[in-house]
Amino acid sequence: MKNNVSSILAVSLFVLGFSSCQSNSSQNTSENTTSNSNDWTTSELAGKYSYVGNGDTITLDITSRNDSLVGPLNYSFKEKDRNTGTFRGVIKDSLLVGEYSFMSEGMNSTRETVFGIVPEGLIEGFGEIEDTGEKVIFRNIDSLRFDHGMILKKN
């Protein structure tokens with residue numbers, strides 16, 4: 001009986017030690033991936049992106065201009081007005097932060113637009129906004145949500 005308890009204890013310690021080693025290597029890989037995701041360049045991000053799903057379409061065709069990315073950004077949501085405009089932005093950490101100037105319902109508007117840079121492409125951030133009179137901006141970029149699942153994939 002004493003031998004069985006010792007064996008169970010030894011196996012438990014081995015499994016615990018092994019899983020601990022595996023956990024550390026996963027964390028290191030995760031940390032490396034995160035730090036590499038901040039190294040995007042405008043030439044790497046330049047290109048055509050799109051999302052199509054549930055009757056909704058979003059397209060973004062950005063080109064690199066110095067330290068900026070510029071190009072047409074179009075939204076066509078099912079049963080809503082279409083927005084056609086131009087995005088101008090810069091890379092800040094793992095975000096593409098810029099302004100979207102567009103025409104909707106016959107009016108020109110400008111709003112701050114932020115895309116999270118993910119391995120699959122770009123995903124737009126949403127959060128609390130305020131209207132400055134000149135444009136609509138986010139109250140706090142750090143609290144944006146990127147959880148809606150509409151990922152613009154690079155074509």
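A residue counts as buried when its relative accessible area is under 20%. The legends below refer to a predicted model.

**Figure 1. Overview of the protein chain, with two helices and ten strands.** Read from the N terminus, the order of elements is α-α-β-β-β-β-β-β-β-β-β-β. The chain has 155 residues, of which 27% count as buried. About 10200 Å² of the protein chain is exposed, and carbon and sulfur atoms supply 51% of that area. Taking contacts between residues at least 6 apart in sequence, 36% join residues at least 24 apart.

**Figure 2. Close-up of Tyr100, a buried residue.** The relative accessible area of Tyr100 is 0%, which is under 20%, so Tyr100 is buried. Tyr100 belongs to one aromatic cluster together with Tyr75, Phe77 and Phe102. Phe102 also counts as buried, at 11% relative accessibility.

**Figure 3. Close-up of the aromatic pair Phe87 and Phe115.** The structure holds four aromatic pairs. In the pair shown here, the ring centres of Phe87 and Phe115 are 5.7 Å apart and the planes stand at 75°, so the pair is edge-to-face. Phe87 is in strand β4 (residues 82–92) and Phe115 in strand β6 (residues 107–118), so the pair links distant parts of the chain, 28 residues apart. Both Phe87 and Phe115 are buried. Another pair is formed by Tyr100 and Phe102: with centres 4.7 Å apart and planes at 10°, the pair is stacked.

**Figure 4. Close-up of Asn83 in strand β4.** Asn83 counts as buried, at 15% relative accessibility. When neighbours within four places in sequence are left aside, the contacts of Asn83 are Leu73, Asn74, Tyr75, Tyr100, Phe102, Met103 and Ser104. Among these, Tyr75, Tyr100 and Phe102 are members of the aromatic cluster.

**Figure 5. Close-up of the salt bridge between Glu124 and Arg111.** Side chains of opposite charge can pair when their charged atoms come close. Four salt bridges are found in the whole structure. In the one between Glu124 and Arg111, the closest N and O atoms are 3.1 Å apart. Glu124 lies in strand β7 (residues 121–124) and Arg111 in strand β6, so the pair ties together parts that are 13 residues apart in sequence. Glu124 is buried, with a relative accessible area of 4%.

**Figure 6. Close-up of a network of salt bridges linking Glu128, Glu130 and Arg139.** Arg139 and Glu128 meet through their side chains in a salt bridge, at 3.2 Å from N to O. Arg139 is in the loop between β9 and β10, and Glu128 is in the loop between β7 and β8 (129–131), eleven residues apart. The side chain of Arg139 also meets that of Glu130 in a salt bridge, at 3.5 Å from N to O. Arg139 counts as exposed at 53% relative accessibility, and Glu128 is exposed with a relative accessible area of 55%. Glu130 is partly exposed, with a relative accessible area of 35%.

**Figure 7. Close-up of Gly149 in the loop between β9 (136–138) and β10 (151–154).** Beyond its neighbours within four places in sequence, Gly149 is in contact with Tyr51 and Ile123. Gly149 and Ile123 are 26 residues apart along the chain, and their C-alpha atoms are separated by 7.6 Å.

Note on methods. Residues are numbered from 1 along each chain as its sequence is written. This is a predicted model: local features need pLDDT of at least 70, side-chain atom pairs count only at pLDDT 80 or more; totals for chains, interfaces and linings use all residues. Side-chain values use heavy atoms; hydrogens and water are left out. Helices (H or I, at least four residues) and strands (E, at least two) are DSSP runs, numbered from the N terminus. Buried means under 20% relative accessible area, exposed over 50%, partly exposed in between (1.4 Å probe, protein chains only). Contact means heavy atoms within 4.5 Å. Accessible areas come from the Shrake-Rupley method with a 1.4 Å probe; for residues, only the protein chains shown count as cover. Rings of Phe, Tyr and Trp (its six-membered ring) pair if their centres lie within 6.5 Å; planes under 30 degrees apart count as stacked, over 60 as edge-to-face and the rest as tilted.
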